[in-house]
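Here are some short exercises to help you find your way around a new structure. Try each task yourself, then follow the solution step by step.

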Amino acid sequence: MTHAIRTTGLLRSRDLFVHDGTKLRRIRLSASVQTVFLIAAALMLAWSAFAAAHFIGGDKAGVAAGDTTQMQQLAVATEQRARLIEQRQKLLATMLAGGDVDPSALPEISETASLPAAIAAPLARAETKLAAEEAAAAERLEQRYRTATRELKKLGLSPKRLAVGGPFEPATKSDPTFKALFNSWKKLDSLQDGVIAVPSDKPVKTAEFTSSFGVRNDPFGRGAAMHAGIDLAGPHGTPIYATADGTVTDAGFNSGGYGNLIKLDHGRGIETRYGHLAAFSVRAGDRVKRGQLIGRMGSTGRSTGSHLHYEVRIDGRAVNPIPFMRSTDYLASIKSRNGHSMDQIALGGPSRGKR
Ligand SMILES: [Zn+2]
């Protein structure tokens with residue numbers, strides 16, 4: 001059995017970690033267990049080789065040589081299949097952690113020689129368990145996708161507007177369970193990329209909500225007028241932050257009433273505006289990140305006191321920014337991989353706002 005013992009060098013103990021999004025489970029495939037199965041298989045092979053030699057009348061040396069080759073083939077096949085399980089495991093863990101998965105990393109179905117039942121059984125058990133975890137993870141990702149799209153639709157944003165690219169169809173011959181999981185992940189991932197453009201952060205950390213979106217009495221006494229944004233009052237110089245990733249399209253004085261105005265283009269037809277500023281921290285053409293300081297609160301333009309006039313526009317049309325700011329919780333959940341900490345919005349609705 002010396003050749004069987006030698007093959008232990010080819011085998012490594014493996015801890016296969018399966019994370020289903022709620023708990024981490026460990027499947028241990030020890031080298032010793034793998035070796036025991038190999039020895040058992042070797043005995044079976046040796047027996048069949050012996051029997052063949054005995055009944056057919058071949059020479060003993062030939063049998064021994066064939067035995068060693070078969071042992072090595074078995075060890076290699078075992079190694080390949082275990083490696084494939086590990087590969088799927090790692091990708092599953094990466095996906096659930098919200099990391100990036102390279103499509104080329106998609107494991108292909110291995111074309112290894114069929115293994116004797118004694119070796120195949122523990123591997124098959126690990127594969128079955130893994131497939132179940134993958135299916136559960138895919139369902140969880142689908143659930144998150146459905147929740148996110150439902151909430152985005154409430155904001156007037158179609159998933160089509162935000163998602164980039166269609167579902168991924170891998171060219172590789174991969175495991176169907178894993179392929180389904182990968183497609184669910186890819187779908188959510190492309191939506192996540194688009195959600196970067198959704199202005200869901202707060203433009204001011206703490207502020208007093210002084211005027212809501214919609215028709216109101218003009219503060220300059222000119223009767224009912226449409227208010228295209230919300231007003232957030234605070235001390236002169238209060239920091240103003242970008243509410244989503246984007247590009248500064250305008251940072252200058254606006255004679256139409258906005259005063260010192262910053263316009264951010266977030267792509268996908270989404271724009272935010274920050275008016276009445278005292279100072280600018282960015283210039284036209286700058287790329288900004290969500291939460292980045294862009295300016296200081298002031299009272300320039302058509303303003304009665306230090307406040308920020310904040311607007312969200314979709315395809316040029318002003319929409320109520322409040323639902324966007326309230327979307328932080330579920331959007332944060334699908335954006336978790338970006339590491340943004342977005343605390344609950346402290347702003348009240350129109351009923352709590354002073355007119
Ligand atoms: Zn305003």
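A pocket here is an open set of grid points with protein on both sides within 12 Å along at least five of seven lines, and its lining residues have an atom within 4 Å of a point. Keep in mind that this model is predicted.

**Exercise 1. The largest pocket**

Task: Find which residues lie nearest the centre of the largest pocket, and describe its lining.

Solution:
- Step 1. Begin with the volume: the largest pocket holds about 580 Å³.
- Step 2. Turn to the lining, which is made of 26 residues; nearest the centre are Arg216, Pro219, His227, Asp231 and His307.
- Step 3. Look for the elements that give two or more residues to this lining: they are strand 3 (208-211), strand 4 (214-217), strand 5 (224-227), strand 6 (230-233) and strand 14 (307-314).
- Step 4. Sort the lining by character: 13 residues are polar, seven are nonpolar and six are charged.

**Exercise 2. The zinc ion**

Task: Work out which residues are the protein donors of the zinc ion and how they are spaced in sequence.

Solution:
- Step 1. List the donors: His227 through NE2, Asp231 through OD and His309 through ND1, at 2.0 to 2.2 Å from the zinc ion.
- Step 2. Write their spacing as a pattern, H-x3-D-x77-H.
- Step 3. Place two of them on the strands: Asp231 belongs to strand 6 and His309 to strand 14, so this pair ties together parts that are 78 residues apart in sequence.
- Step 4. Decide whether these two are buried. Buried means under 20% relative accessible area. Asp231 has 7%, so Asp231 counts as buried. His309 has 8%, so His309 is buried too.

**Exercise 3. Two residues with positive phi**

Task: Compare the settings of Arg268 and His276: where does each lie, and is each buried or partly exposed?

Solution:
- Step 1. Recall the background: most residues other than glycine have a negative phi.
- Step 2. Read the angles. Arg268 has a positive phi near 55°, and the phi of His276 is about 65°, also positive.
- Step 3. Locate them. Arg268 sits in the loop between strand 9 (259-267) and strand 10, while His276 is in the loop between strand 10 (270-275) and strand 11 (279-280).
- Step 4. Check accessibility. Arg268 is partly exposed at 29%, whereas His276 is buried at 5%.
- Step 5. See what surrounds His276. Leaving out residues up to four places away in sequence, its contacts include Tyr258, Asn260, Arg302, His307 and the zinc donor His309.

**Exercise 4. Ala278 and the sheet beside it**

Task: Find what Ala278 touches, then work out in which order the three strands of the open sheet lie.

Solution:
- Step 1. Place Ala278 in the loop between strand 10 and strand 11, where Ala278 is partly exposed at 32%.
- Step 2. Name the contacts, again without residues up to four places away in sequence: His236, Asn260, Arg296, Met297 and Gly298.
- Step 3. Check a distance along the chain: Ala278 and Ser299 are 21 residues apart, yet their C-alpha atoms are separated by 6.6 Å.
- Step 4. Move on to the sheet, whose order is 7-13-11 with antiparallel pairing. Strand 7 (239-241) and strand 11 are the edges, each pairing on one side only.
- Step 5. Finish with the join: two bridges link strand 11 to strand 13 (residues 293-296), and Ala279 stands opposite Arg296 in strand 13.

Terms used: Residues are numbered from 1 along each chain as its sequence is written. This is a predicted model: local features need pLDDT of at least 70, side-chain atom pairs count only at pLDDT 80 or more; totals for chains, interfaces and linings use all residues. Side-chain values use heavy atoms; hydrogens and water are left out. On a 1 Å grid over the protein atoms alone, a cavity is a set of points where a 1.4 Å probe fits but cannot get out, and a pocket is an open set with protein on both sides within 12 Å along at least five of seven lines; lining residues have an atom within 4 Å of a point. Grid points are joined across faces, edges and corners, and a volume is the space filled by probe spheres set on the points. Helices (H or I, at least four residues) and strands (E, at least two) are DSSP runs, numbered from the N terminus. Ala, Val, Leu, Ile, Met, Phe, Trp, Tyr, Cys and Pro count as nonpolar, Asp, Glu, Lys and Arg as charged, and the others, Gly among them, as polar. Buried means under 20% relative accessible area, exposed over 50%, partly exposed in between (1.4 Å probe, protein chains only). Contact means heavy atoms within 4.5 Å. Donors are N, O and S atoms within 2.8 Å of the metal (3.2 Å for Na, K and Ca); water is not among the atoms, so sites may look incomplete. Two strands pair if DSSP finds at least two bridges between them.
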